[in-house]
Amino acid sequence: MRISTIKHAAWLAATAFILASCGVATHENGPLRVRMRTTAGDIVVELDDRAPRHRDNFAGLAREGFFDSLLFHRVIEGFMIQGGDPRTRDITGAEFDAEGPETGDRRYWEDIEAEIRYPELYHRRGALAAAREGDDVNPERRSSRTQFYIVWGRAFDDEELDRMQSRIAAATRGRAVMPDSVREAYRTVGGTPHLDGQYTVFGRVVEGLETVEAIQRTPTDSLDRPATDVRILSARVER
């Protein structure tokens with residue numbers, strides 16, 4: 001399954017994530033946090049120092065007010081919520097065409113070099129990660145500068161995790177191996193293990209996971225666009 005910046009009609013979603021501690025590295029004053037006020041409630045994300053390019057980019061966008069008024073334009077129940085497309089600022093979700101032309105400031109369409117730190121950073125419930133184009137046009141797995149997703153997902157049993165391990169091993173040429181600690185998290189709380197080793201995870205939700213849950217339950221159309229707009233009112237760095 002692809003977390004792409006290009007729209008694909010409907011995703012087959014299934015998976016979940018863990019809000020337990022993920023060992024975030026810290027600055028002198030603690031890790032950076034960004035509070036997103038949305039029409040569904042607040043979400044506070046903590047940015048991880050082990051993905052410094054993505055950390056600084058996301059915090060910089062928040063400081064300049066980039067995320068203010070953007071939509072969560074793609075929502076898949078039991079999988080994830082996605083936002084950050086600059087084209088969604090002044091339109092309704094029903095008007096949004098994810099395969100439409102890139103518009104506005106060109107720097108927002110530049111990619112960022114991948115910072116995939118697996119298994120330290122993995123796709124547990126509440127993980128913050130960067131969307132990207134698919135491997136066919138983006139073999140380096142570079143990230144979108146602006147588009148992000150927050151994982152919801154589901155729990156997996158051991159047989160399913162064995163299949164997920166085979167899947168991610170094939171996608172990463174055997175480099176991504178799921179350790180016992182990660183398997184336990186996917187068994188007990190959940191996540192989206194099939195994305196591991198292929199997308200940059202750069203933070204986690206530390207407050208407002210109930211808001212993420214509510215958004216991922218929002219009814220959507222056949223293109224995964226929420227029937228009722230869910231908009232980011234503001235995003236600000238708290239520390």
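Let's start with the sheet: eight strands come together in an open sheet, in the order 3-4-8-6-9-2-1-10, with antiparallel pairing. Its edges are strand 3 (72–76) and strand 10 (232–237), each of which pairs on one side only. On average, neighbouring strands of this sheet are turned by 25° against each other, direction ignored. Keep in mind as you look around that this is a predicted model.

It is worth pausing at the edge formed by strand 3. Strand 3 runs antiparallel to strand 4 (residues 80–83), and four bridges join the two. If you would like a residue pair to find on screen, look for Arg74, which stands opposite Gln82 in strand 4.

Now turn to the helices that lie across these strands. Helix 1 (residues 52–63) lies across strand 1 (33–38), strand 2 (41–47), strand 6 (127–130), strand 8 (148–151), strand 9 (201–207) and strand 10, and runs at about 120° to strand 10. Helix 4 (residues 209–216) lies across strands including strand 3 and strand 4, and its angle to strand 2 is about 115°.

Helix 1 also leads us to the last stop, a cavity. A search of the whole structure turns up one cavity of 30 Å³ or more, and the largest cavity holds about 40 Å³ of space. Which residues line the largest cavity? They are His54, Asn57, Phe58, Ala130, Ser144, Arg145, Thr146, Gln147, Phe148 and Phe202. Helix 1 gives the most to this lining, with three residues. By character, the lining divides into four nonpolar residues, five polar and one charged.

Conventions. Residues are numbered from 1 along each chain as its sequence is written. This is a predicted model: local features need pLDDT of at least 70, side-chain atom pairs count only at pLDDT 80 or more; totals for chains, interfaces and linings use all residues. Side-chain values use heavy atoms; hydrogens and water are left out. Two strands pair if DSSP finds at least two bridges between them. Axes are lines fitted to C-alpha atoms, for helices over the stretch in contact, and angles run from 0 to 180 degrees between N-to-C directions. Contact means heavy atoms within 4.5 Å. On a 1 Å grid over the protein atoms alone, a cavity is a set of points where a 1.4 Å probe fits but cannot get out, and a pocket is an open set with protein on both sides within 12 Å along at least five of seven lines; lining residues have an atom within 4 Å of a point. Grid points are joined across faces, edges and corners, and a volume is the space filled by probe spheres set on the points. Ala, Val, Leu, Ile, Met, Phe, Trp, Tyr, Cys and Pro count as nonpolar, Asp, Glu, Lys and Arg as charged, and the others, Gly among them, as polar.
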